[in-house]
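Reader: Please take one part of this model and go through it closely. I would like the strands, what packs on them, and how that part relates to the other chain.

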Amino acid sequence: MSSSARKPSPPVATGFDPLPEEAYAAALASVPGIGPRTLRALLADRTPRGAWEALVTGSVRLAVFRQAAPALGQARRLDVEAIWRAHLDAGVGVRMLGRPGYPAVLAADPEAPAVLFSLGDPRVLDRAARVAIVGTRSATRYGLGVAAQLGADLAAAGVVVLSGLALGIDGAAHEGAVAAWRASSEERAVATNASSQASGAVSHAGRRAAPPVGVVAGSVAVPYPRQHAGLWRRVAQAGAVLSEAPLGVADLAWRFPMRNRIIAALSDVVVVVECHTRGGSLHTVQAATARGVPVGAVPGSVRSPASAGTNALLADGCFVVRDASDVLVAVGLRLAGVAQRGMAAGVPSEEPVGVAQAVAAGVPQAGAPAEEPAIGDDALPSPTREVVAAVGWDRTSLDEVLERTGLEMDAVCGALERLRARGIVHGEGGWWERE
Amino acid sequence: MTAAVHSATLTGTTGRPVVVEVHDSEGLPGFTIVGLPDTAVRESRDRVRAALLSSAFSWPQRRVTVNLAPTAVRKAGAGLDLPIALGVLVALGDLPAAALEGIAFVGELGLDGSLRHVPGTIALAEAVRPARLVVPQCDLAEASAVRPGRTFGVPTLHALVEILRGSSAWPRAPRECRAPGTTRAPHVRGHLVADVPAPEAFVDAQAEAWLARAVERYGDLADVKGQRVGRRAVEVAAAGGHHLLLVGPPGSGKTMLARRLVGLLPPLSRPQALEVTRVHSAAGLPAPDTGIVWDPPFRSPHHGASAVSLIGGGTAAMRPGEISLATQGVLFLDEMGEFPVAVLDALRQPLEEGVVHVSRAKASADFPARFLLVGAMNPCPCGEGGVPGSCRCSPSARARYVRRLSGPLLDRFDLVVPLRRTAPDELLSGVPGEPTCSVAARVVRARAIAGARGVRCNSELRASSLPSVAALSPRATALLERSVRAGRLSGRGVDRVRRVARTIADLAGADGDGAVQEEHVAEALALRAGREVLDVAG
């Protein structure tokens with residue numbers, strides 16, 4: 001994307017005459033006061049150019065628009081050509097509902113954005129199953145680890161991992177997915193070279209991993225949070241980054257819940273890895289439930305505030321996610337359900353389909369994780385053995401380790417550092433846990 | 001007739017000798033003070049007049065000029081009342097000039113002729129030229145600490161004049177100033193440096209009295225339930241003089257620990273005690289009965305403190321700030337994240353140099369600032385950021401909060417300790433922690449070992465001396481290497497960890513020359529794990 005954006009002059013460099021419809025769509029989305037719902041209403045029975053002209057001439061009679069009357073004046077001040085040029089320069093694609101290039105899975109949604117801005121190629125959304133991995137920004141190491149693993153395993157299994165590119169769980173899931181996608185691409189490249197040399201031998205490289213797709217609240221060309229600028233770029237290169245916000249809008253707070261509805265609308269399954277009892281993840285869950293999208297949650301310690309929300313979701317009947325195969329079964333059920341619904345001519349059926357059916361439907365199963373190799377704790381020398389026993393799988397404070405072992409602090413710290421060097425425990429910020 | 005009386009005035013915490021010259025002549029009755037007097041000195045005219053009249057002397061109906069020499073030095077405070085009054089008496093012929101030969105006078109006069117306390121007496125006593133010194137009775141202990149055997153305390157102007165006239169005898173001049181409840185001045189550190197005894201040796205009768213007082217003032221470490229890491233951090237900070245930052249949620253006992261740290265510090269050596277007394281006296285803090293401040297001071301300014309109140313200054317008076325009042329003791333900044341950034345950054349230079357240079361257009365002064373900095377802060381605005389996954393703050397709010405401690409300031413903390421709230425069962429268990437007295441014994445011993453290295457404590461060890469003084473065992477070296485490689489420790493942090501590890505080894509009773517072991521380095525690393533809590537946000 002960025003390489004094409006930097007090409008000095010796109011074919012329509014001088015004098016866009018006439019401006020394409022996309023330019024008017026982008027301009028309409030840029031008018032302050034026009035939100036997703038107004039935009040949809042404006043474009044319901046007009047072309048973008050028609051809507052724009054109606055807007056600037058003041059001939060629109062929209063109930064929703066009356067509250068946003070000042071927007072009329074704002075709109076007259078906007079320069080459609082400048083907006084269009086800015087989008088072209090930034091390499092941002094403008095996709096309109098009901099036209100080619102708009103993700104078909106999203107088009108069916110009743111709250112689908114009328115205009116979608118994109119980096120990269122969102123067509124992958126229509127080719128593969130999609131799973132959203134969402135969660136809190138203030139995640140624990142456990143949550144980050146699970147999110148990255150799920151992201152990698154699902155991507156490797158050919159599932160598009162959707163997330164919001166936020167800090168915490170979102171970022172970890174995308175990191176995992178990007179890594180898996182890159183590994184698979186390299187493998188294929190090697191395999192293709194090998195097969196071409198072996199004159200037409202069948203490639204034994206595994207199924208191709210699916211690229212991740214990010215759905216963000218602000219403009220796709222302005223990475224937020226800035227720490228994720230690198231990840232943002234890699235996601236856009238591998239798959240796509242989508243948003244309904246044009247260039248140059250502020251990251252307003254209301255855009256985040258609106259973004260979450262797009263994630264829910266795009267997903268076959270939503271997985272919450274860690275979340276607190278309140279927060280954006282629960283918006284996504286709500287939006288998913290409203291659309292009949294199954295929601296899964298990763299269980300966590302009942303003492304961890306970061307798992308309070310997910311544990312509550314499990315208590316409410318969401319399915320349990322222990323690893324990628326749990327998710328893939330749910331995806332299989334969902335896809336099978338959709339197929340069945342299609343056959344039943346639009347009659348909605350929420351009846352779950354048997355697992356066997358899902359597996360038969362060809363949903364790839366991620367390899368079950370290998371059994372944890374038993375650590376020979378008994379073989380460890382004396383203080384180290386007691387210390388490793390005192391450090392739980394749950395995070396344990398150094399105070400607790402000292403309390404449980406009753407040993408002196410220097411002995412305990414020495415043992416912990418030796419265990420860390422061997423990769424048996426992990427310590428950060430005064431907390432220790434088994435790897 | 002003219003008279004000249006020796007005295008001194010105070011700039012910052014330094015005394016400067018002053019000669020009070022009084023001249024009287026025929027002319028329109030009047031009383032003028034020249035020689036850069038401040039308001040308090042100018043007002044002494046009225047105090048001196050009332051005091052003379054109350055003491056049954058007459059006030060001259062003549063023209064009197066008082067000159068304070070040298071004229072270039074600004075004169076502050078009411079300590080010049082007494083020499084001015086005596087000068088007037090000599091000039092009027094009520095006292096023979098010879099009676100004042102070889103004596104200096106310092107004292108504020110009450111309207112009834114009584115002599116009152118003068119701030120900064122100890123510095124004035126050091127500054128005056130003549131051999132003998134007369135001070136108000138209440139300042140005798142303080143002044144005789146620096147002029148033993150040659151300082152006299154008198155209660156009133158009248159009594160003093162009687163003595164000077166030879167009608168009554170000079171009072172006894174105290175020989176030496178003693179610490180309270182002891183039979184000798186507490187040279188505990190000096191005594192131990194020569195001969196490093198076992199910790200039990202410190203716990204003799206004298207030390208017990210000392211510790212009982214410390215515990216009474218600052219509380220016993222045994223009161224802190226649970227918090228083994230926090231208690232250990234306080235011990236290491238006291239032993240090695242390592243600046244300590246406690247990072248924990250509200251209610252995790254940060255203030256409690258900081259106060260108990262002061263109780264762990266050994267009594268001040270004589271030069272240290274004099275330094276502290278000079279500052280406290282100049283700032284006008286109430287003097288202890290001993291006259292000399294033997295206790296390491298504990299100062300905890302509120303986070304509303306201005307830069308000047310912390311660093312020192314003022315227009316002409318040049319008052320020492322909180323950091324100087326905490327010299328040789330503990331400066332505790334609670335809620336460090338709430339202090340203005342400029343105020344915190346002003347601490348950096350004094351932390352590095354142990355002295356603060358305060359310059360104003362009218363005057364400048366150097367104040368000592370060799371304090372142990374103990375900071376306490378929440379990990380984030382909501383306070384719960386120390387526990388992974390519990391923080392409710394937005395990442396930007398968290399980063400903003402942590403950024404108030406600039407990197408260079410954060411680097412000054414050898415110990416950055418994450419604290420958690422004590423579990424209720426530990427709070428109620430009633431199992432007391434180790435008491436102050438046994439921890440203090442280890443602290444004294446560790447400080448004595450450091451003293452043998454030629455420094456006050458291990459935090460003052462030069463980086464160049466670390467290879468010889470804090471040699472690392474091979475496993476300890478490997479651990480440091482691993483930590484740096486993994487990015488858990490910066491290059492700058494390595495030396496700090498080595499100093500702390502040296503202190504921990506000294507506390508463990510290791511031979512002062514022995515190598516620092518892996519356990520000691522591991523513990524030193526654990527005692528700065530709080531940086532990871534702050535880095536998450538930064």
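**The parallel sheet of chain B**

Author: In this predicted model, strand β14 (residues 330-333) of chain B pairs with strand β17 (residues 372-377) of chain B in the parallel sense, over four bridges. Within this pair, B:Val330 stands opposite B:Leu372 of β17(B).

The two strands belong to an open sheet of five strands in chain B, paired in parallel and ordered β11-β14-β17-β10-β18. The edges are held by β11 (298-299) and β18 (415-418) of chain B; each has a single partner strand, so one side of each is left without a neighbour in the sheet.

Two helices of chain B lie across these strands. Helix α11 (residues 254-264) of chain B lies across β10, β11, β14 and β17 of chain B, and so covers both members of the pair described above. Its direction is at about 170° to β17(B). Helix α10 (residues 228-240) of chain B lies across β10 (244-247), β17 and β18 of chain B, and runs at about 165° to β18(B). Strands β10 and β17 of chain B thus have both helices lying across them.

Helix α10 also leads to the other chain. The contact between the chains takes 28 residues from chain B and 29 residues from chain A. On the side of chain B that touches chain A, the elements giving two or more residues are α10, α22 (474-485), α24 (518-526) and α25 (530-537) of chain B. Of these, α24(B) gives the most, with six residues. By class, this side of chain B has 13 nonpolar, seven polar and eight charged residues.

How values were computed. Residues are numbered from 1 along each chain as its sequence is written. Chains are lettered from A and ligands numbered from 1 in the order in which they are written. This is a predicted model: local features need pLDDT of at least 70, side-chain atom pairs count only at pLDDT 80 or more; totals for chains, interfaces and linings use all residues. Two strands pair if DSSP finds at least two bridges between them. Two residues are in contact if their C-beta atoms, placed from the backbone, lie within 7 Å. Axes are lines fitted to C-alpha atoms, for helices over the stretch in contact, and angles run from 0 to 180 degrees between N-to-C directions. Ala, Val, Leu, Ile, Met, Phe, Trp, Tyr, Cys and Pro count as nonpolar, Asp, Glu, Lys and Arg as charged, and the others, Gly among them, as polar.
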